[in-house]
Amino acid sequence: MERASANASISTPLAQPSDQVLHAWKVNGANVAGKDMVSVWRRKGTVSLPAKLLRPVHQDVARDELKGYVEEDYRASGYAARQQKLDEFYSFLARMHPGDLVVTVSQGRAYFGTVTGDAEYVQSSDGRSNLRRPVKWESVTHPSNDLPLEIASRLNAQGDVVDMTPQVDTLRKLTGQRSALVPATGLNLPDASDDLARRLHVPREWLQECVDLLRDRPQLIFYGPPGTGKTYIAKELARHLAGDSNVKIVQFHPAYSYEDFFEGYRPAQQGAGQIGFELRPGPLRTIVDYANENPDAVYVLIIDEMNRGNLAKIFGELYFLLEYRNEGIDLLYGSVADEQFMLPRNVILIGTMNTADRSIALVDAAMRRRFAFLPLHPSEAPTSGILRSWLQATNRPLAVADLLDTLNALIDDEDFKIGPSYFMRDAVYEERGLDRVWRTAILPLLEEFHYGDRGTNVRSRYGLDALREKVSLDEISDVDNGENAADID
C-alpha cells in the first residue's frame, strides 16, 4: 500500500495545468574530446553528441533496447558512466523534439538555438559528433557571467545533455522570443484582509506579518501547545493565499519517510500477473509539478505535526533547496542523470509543531535555519485574545475566557498551558458541557504534565470548582445549568 496517499489529504483536486510548453536543453559543446564544437555547430546549423563507441541507432529506439546497446558497447566503462551515457543518448534521441530550445556555452558566451529536425546517427571519424540534430542558431548571445541565477546554475550542471524545461520561459526572454507562460518572478501573495482576521479572531497586523515573512522566505512554522489553533490558522491562511484548490495537507509521524513525502518506488501490477516496482510521486513532488506548470499561481503544502517525523530522513537532499530555491540538485531516485530538481518559489511550505510532544529545540538545526518560526502560546498575543474574541462574536459568556486565563496563570510551563480551541466548540456550551470538557480533556493533559510529581494534586489545584473559588464565575454556573440557552446556538 502506498503510505503517501494514506497520510495526505487535499480539500479539492489541484488545478490542472492549462498550457503545454516546449522543452529546453543544455547541450555541452565547449570541450568535446579537446575540441570546441560550438563554432562548428553554428557554422553547420547542427547540435551533436559524441558517441564514439555506440553502434548505429535510430531515434525511435526503445529505452530498454538502447540500454542493452550501451551496456555492451561501453562495457569497459563503469556502471555510473554507462547510466549517464544511456540517459544522455535517450534524451537526445527520443525526448528532444523539433521546436525545443537548445542552449550552450563557449568561451564565456551563451548561445541559443531551436531544434528544427529529427535526430540521426552519422559515422564520424573522430567520434565527436555521431548523434546529430539540425538547429537554427539565433544571432542573439549573452555573456555567461551575466545570466540569471536559475539559468547559470543549470548550465553549470554536469552532463552533456541537461533538461532545462523549467527555465524555458526565461530562455525565451533572453532570446527575445515571446513566452508561452510568464515566469514567476516573485510570490504574488495577497495582503491579509480584515475578513480573514475576523474569521480567525486574530489581529490583521499579525496575519500581515505572516504574509510578509512568506514573501521573504516561503517557509513558515507555527509552534505551540495543543489547542492554540495552529493547524486551523495554517489552513485558513493557505486558502487565503492560494485558494482551496492549490492547498495540500500532509501529517508527519515517526514512520513517515522520504518515499512517502517526495517520491519512491512502490509495488505495481505488471503484465502477465507479475508484480514490479514503479516510481510514485509523493505530495511534495506532485505539488511542485503543478507549480512548475503554473508559475503565476501559488501552491501551499501544509505539514501538520511536523516535529513528530524524522526531518533529516524525510527531507533528505531537499534541505538544500529550502534555502536555495533557484538552484538544482540530483535526486535520490532521479530517473535520468541529467534531471536536476528545483523547488519553485511559488511553492510555500507551512508547518505546525506541537511543543508539548517534542520541543523545537530538538528539531534538526539545519531545518530551524530554513524556516521562520512564529509562536502560538496561550498567554501571548495573538492566541491570548482568540477565545475572548470568539465568545463575543458568538454571543457567549466572556467569563469562560476569564476561567481559561486563571487556569493558565497556575501553569508554569508555557508548553503545557491550555489553548483556546478546547472551548471553541458548541458542545462546551450545552448543559454540563463545560464540566465534561474539563474532566475529559483539560485535566488529563495536566495530569500528564504533573506525572511523577507526587506533591501536586491535579484535581484540587486545577479542578473547575477550585478555579471558581479564585474568580467570580456566576456566568460559568449559568452556562453549566443551561440558563443561557438563548445565547447558545
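**Exercise 1. Is Gln107 buried or exposed, and what is its relative accessible area?**

Before we start, note that this is a predicted model, where local features need pLDDT of at least 70, side-chain atom pairs count only at pLDDT 80 or more, and totals for chains, interfaces and linings use all residues. Residues are numbered from 1 along each chain as its sequence is written, and side-chain values use heavy atoms, with hydrogens and water left out.

Step 1. Get the cut-offs: buried means under 20% relative accessible area, exposed means over 50%, and partly exposed is in between (1.4 Å probe, protein chains only).

Step 2. Gln107 has a relative accessible area of 75%, so it is exposed.

Step 3. Now find its place: Gln107 sits in the loop between strand S4 (101-106) and strand S5 (109-115). Helices (H or I, at least four residues) and strands (E, at least two) are DSSP runs, numbered from the N terminus.

Step 4. Check the backbone too. Most residues other than glycine have a negative phi, and most peptide bonds are trans. Gln107 has a positive phi, near 50 degrees, and is not a glycine.

**Exercise 2. Find Glu305 and describe its backbone and its cover.**

Step 1. Look in the loop between strand S13 (299-304) and helix H12 (311-315), where Glu305 lies.

Step 2. Its phi is positive, about 55 degrees, although Glu305 is not a glycine.

Step 3. Glu305 has 19% relative accessibility, so it counts as buried.

**Exercise 3. Look at the peptide bond from Ala381 to Pro382 and give its form.**

Step 1. Go to the loop between strand S17 (372-375) and H15, which holds Pro382.

Step 2. Read omega for the bond from Ala381 to Pro382: it is near 5 degrees, and the bond is cis.

**Exercise 4. Work out how helices H8 and H9 meet.**

Step 1. Take H8 (residues 204-216) and H9 (residues 230-242): their axes come within 12 Å and cross at roughly 65 degrees. Axes here are lines fitted to C-alpha atoms, for helices over the stretch in contact, and angles run from 0 to 180 degrees between N-to-C directions.

Step 2. That angle makes H8 roughly perpendicular to H9. (Under 35 degrees counts as roughly parallel, over 145 as roughly antiparallel, 65 to 115 as roughly perpendicular, and the rest as oblique.)

Step 3. The crossing of H8 with H9 is right-handed. (Left-handed means the near helix is turned anticlockwise from the far one by less than a right angle, right-handed means clockwise.)

Step 4. Pick out the touching residues: H8 brings Trp206, Cys210, Val211 and Leu214, and H9 brings Ile233, Leu237 and Leu241. Contact means heavy atoms within 4.5 Å.

Step 5. Sort them by class: 7 are nonpolar, none polar and none charged. (Ala, Val, Leu, Ile, Met, Phe, Trp, Tyr, Cys and Pro count as nonpolar, Asp, Glu, Lys and Arg as charged, and the others, Gly among them, as polar.)

**Exercise 5. Do the same for H15 and H16, then look at the pair Arg388 and Asp402.**

Step 1. H15 (residues 386-393) and H16 (residues 399-409) pack at about 165 degrees, with their axes 9 Å apart. That makes H15 roughly antiparallel to H16.

Step 2. From H15 come Leu387, Arg388 and Leu391, and they meet Val400, Ala401, Asp402, Leu404 and Asp405 of H16. This contact has 5 nonpolar, no polar and 3 charged residues.

Step 3. Arg388 and Asp402 join in a salt bridge, 3.0 Å from N to O. (A salt bridge is a side-chain nitrogen of Lys or Arg within 4 Å of a carboxyl oxygen of Asp or Glu.) The two residues are 14 apart in the chain.

Step 4. Check their cover: Arg388, at 29% relative accessibility, is partly exposed, and so is Asp402, at 34%.

Step 5. As for H16 itself, 8 of its 11 residues are buried, including Leu403 and Leu407.

**Exercise 6. Count the salt bridges and examine two more pairs.**

Step 1. The structure holds 26 of them.

Step 2. Arg215 pairs with Asp191, with the closest N and O atoms 2.7 Å apart. Arg215 is in H8 and Asp191 in the loop between H6 (168-175) and H7 (194-200), so the pair ties together parts 24 residues apart in sequence.

Step 3. Glu263 pairs with Arg285, at 3.4 Å between the closest N and O atoms. Both Glu263 and Arg285 are buried.
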